[in-house]
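Biologist: Before we look at anything in detail, could you show me the chain and take me through the reading of it, feature by feature?

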Amino acid sequence: MNRKSLFAAVAAAFIVLPLATALAQHSQPSGVVTLGDLEISDAFARATLPSAPVGGAYITITNKGTAPDTLVSASSPAAGDVSLHSMSMEGNVMKMAALPHGLDIAPGATVAMSPSGFHMMFEHLNQPFVEGKTVPVTLSFAKAGSIKLDIPVLGIAATGPAKTSAGMSAPAMTGGMKGMSM
Ligand SMILES: [Cu+2]
C-alpha cells in the first residue's frame, strides 16, 4: 500500500464510522421507527407494582404524509387486552375513556401520548412491567399497516421518554393513578 492509498483508506474509515454509528442509533427501541408515512418515537412504558392489574405505555406518532391515518388497535403478548384511551380532567378527577374509533393522526400532525393524555392501557397483565426491560407491542394503523415495537420500561412514575426535558412532566399525574375513575 503506497502513501496515497493509505491516506484514502484512513479517510474512508473516518467517513464510514460516523455513518455506521448513526445507523445503529436509528434502530434502537427508543429511537425513531418509520412505518410508511408515519414516524413513531419516544416510546416508553411505566413500571408496574407486582400486583397491579394494569399498565400504561406511550408513543409519539408523526404523520409525514398527505393523508390522515388512524391507530386502530394495539396488542401485546404481555397483557390479555390492550386498549387506546384518552384522559381528561373533570373537576379534580382524571376521567379515562376508550377511543371508540382509534387515534387519528392528521397529515402533518404529531400526536404525543402521555400519562395525562392519550395512552395505551394494558389490562390483565401476564407479569409486571419491570424497569429496564421492554414490553412487546404490535400497533395496527388503518393505512400504514402494522408494526411490532419493543417499548422500554422506565420508572413507575415516568412522565416522558428517557432524556426528555424536565419541563415535559405532567404534574397532575404525579403520585400514580390516584384520583382516577374509569
Ligand atoms: Cu387508560
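Modeller: What follows goes from confidence to fold, then to the core, and finally to single residues.

Biologist: Where should I begin, and how far does the confidence go along the chain?

Modeller: Begin by keeping in mind that this is a predicted model. The mean pLDDT of the chain is 82, and 73% of its residues reach 70 or more. Residues 16–30 have a pLDDT below 50, and that stretch has 13 contacts in the model beyond near neighbours in sequence. Residues 164–182 likewise have a pLDDT below 50, with 23 contacts beyond near neighbours in sequence.

Biologist: Which elements does the chain contain, and in what order do they run?

Modeller: There are one helix and 12 strands, and from the N terminus the order is α-β-β-β-β-β-β-β-β-β-β-β-β. As for the reach of the contacts, of those between residues at least 6 apart in sequence, 69% join residues at least 24 apart.

Biologist: How do I read the pairing of strands, taking strand 11 as the example: in which sense, parallel or antiparallel, does strand 10 pair with it?

Modeller: For each pair one asks for the sense and for the number of bridges. Strand 10, residues 134–141, pairs with strand 11 in the antiparallel sense over eight bridges, and the two form a hairpin with three residues between them. Within this pair Val135 stands opposite Ile151. Strand 2, residues 38–46, pairs with strand 11, residues 145–154, in the parallel sense over two bridges, and there Ala45 stands opposite Val153.

Biologist: Which residues have the most contacts inside the largest nonpolar core?

Modeller: The general idea is that, in soluble globular proteins, nonpolar side chains tend to be buried together. Here the largest nonpolar core has 31 residues, and those with the most contacts inside it are Ala57, Val135, Val137 and Ile151. At least two core residues come from each of strands 2, 3, 4, 5, 7, 9, 10 and 11, and strand 2 gives the largest share, five residues.

Biologist: With which residues is Ala57 in contact, once its neighbours within four places in sequence are left aside?

Modeller: Ala57 is then in contact with Ala45, Met120, Phe122, Val135, Val137 and Ile151. Val135 and Ile151 in that list are the residues that stand opposite each other in strands 10 and 11.

Biologist: How should I treat a residue with positive phi, and is His124 buried or exposed?

Modeller: I would read the backbone angle together with the surroundings of the residue. His124, found in strand 9, has a phi near 55°, a positive value in a residue other than glycine. His124 counts as exposed because 11 other C-beta atoms lie within 10 Å, and the cut-off for that class is 12 or fewer. Asp42, whose place is in strand 2, also has a positive phi, of about 55°, although it is not a glycine. Asp42 has 20 other C-beta atoms within 10 Å and is therefore buried, the cut-off being 20 or more.

Biologist: How many buried residues does strand 6 have?

Modeller: The burial count can be read for an element as well as for a residue. Over the chain of 182 residues, buried residues make up 26%, whereas strand 6, residues 93–98, is hardly covered, with a count of zero among its six residues. Strand 6 pairs with strand 5 in the antiparallel sense over six bridges, with Ser86 opposite Ala97. Their hairpin has two residues between the strands, and Gly91 takes a positive phi near 65° in it.

Biologist: What separates the C-alpha atoms of Gly36 and Ala144 in space?

Modeller: Here one sets the separation along the chain against the distance in space. Gly36 lies in the loop between strand 1 and strand 2, and although Gly36 and Ala144 are 108 residues apart along the chain, their C-alpha atoms are separated by 5.3 Å. Leaving aside neighbours within four places in sequence, Gly36 is in contact with Lys143, Ala144 and Gly145. Gly36 is partly exposed, with 14 other C-beta atoms within 10 Å. A second case is Thr134 in strand 10, which is 89 residues from Ala45 in sequence and 8.1 Å from it in space, C-alpha to C-alpha. Thr134 is partly exposed too, with 17 other C-beta atoms within 10 Å.

Definitions and conventions
Residues numbered from 1 in each chain as written. Predicted model: local features only at pLDDT ≥ 70, side-chain atom pairs only at ≥ 80, totals over all residues. Pairing = 2+ DSSP bridges. Helix = DSSP H or I, 4+ residues; strand = E, 2+ residues; numbered from the N terminus. Core = buried A, V, L, I, M, F, W, Y, C linked by C-beta atoms within 7 Å. Contact = placed C-beta atoms within 7 Å. pLDDT = per-residue confidence, 0-100.
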